[in-house]
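Below are some notes on the helices and charged pairs of this model. Please read them alongside the structure.

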Amino acid sequence: MHIKQISSYPELHFERNHDGYDLQQEFNFLRADLFTRKLLSQGLISRDEFQLIMQENRRTFPTFLSSIL
């Protein structure tokens with residue numbers, strides 16, 4: 001077995017600094033996502049309703065996560 005030591009790591013740069021508001025928005029989006037998925041899994045909403053709710057969640061909680069989902 002050959003083990004190679006990595007001497008440097010690529011740096012990750014984010015264009016946006018996260019403040020308290022941004023972190024709260026991320027948290028709120030994740031909570032809304034979890035709650036909506038529970039409703040779907042329990043059969044309380046349809047797949048179409050799920051899609052509509054998630055679309056509204058992405059508008060309501062504009063976050064880094066919601067922009068890539």
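1. Glu56 is partly exposed, at 39% relative accessible area; buried means under 20%, exposed over 50%, and partly exposed in between (1.4 Å probe, protein chains only). Its partner Arg59 is exposed, at 54%. The two form a salt bridge, with the closest N and O atoms 2.8 Å apart; the term requires a side-chain nitrogen of Lys or Arg within 4 Å of a carboxyl oxygen of Asp or Glu. Both residues belong to helix α2 (residues 47–60), where a separation of 3 residues amounts to about one helical turn.

2. The model is predicted: local features need pLDDT of at least 70, side-chain atom pairs count only at pLDDT 80 or more, and totals for chains, interfaces and linings use all residues. Residues are numbered from 1 along each chain as its sequence is written, and side-chain values use heavy atoms, with hydrogens and water left out.

3. The salt-bridge count is 2. In helix α1, Arg37 pairs with Asp33 at 3.0 Å, N to O; they are 4 residues apart, about one turn of the helix. Arg37 is partly exposed at 45% relative accessibility, whereas Asp33 is buried at 12%.

4. The buried residues of α1 include Asp22, Phe29, Ala32 and Leu39. The buried set covers an arc of only 165° around the axis, which puts it on the same side of α1; the arc is that of the directions from the helix axis to the C-beta atoms. Exposed residues on the face turned away include Leu23, Arg31 and Phe35.

5. Just after α1, Gly43 has a positive phi of about 75°. Helices here are DSSP runs (H or I, at least four residues), numbered from the N terminus.

Conventions: Helix = DSSP H or I, 4+ residues; strand = E, 2+ residues; numbered from the N terminus.
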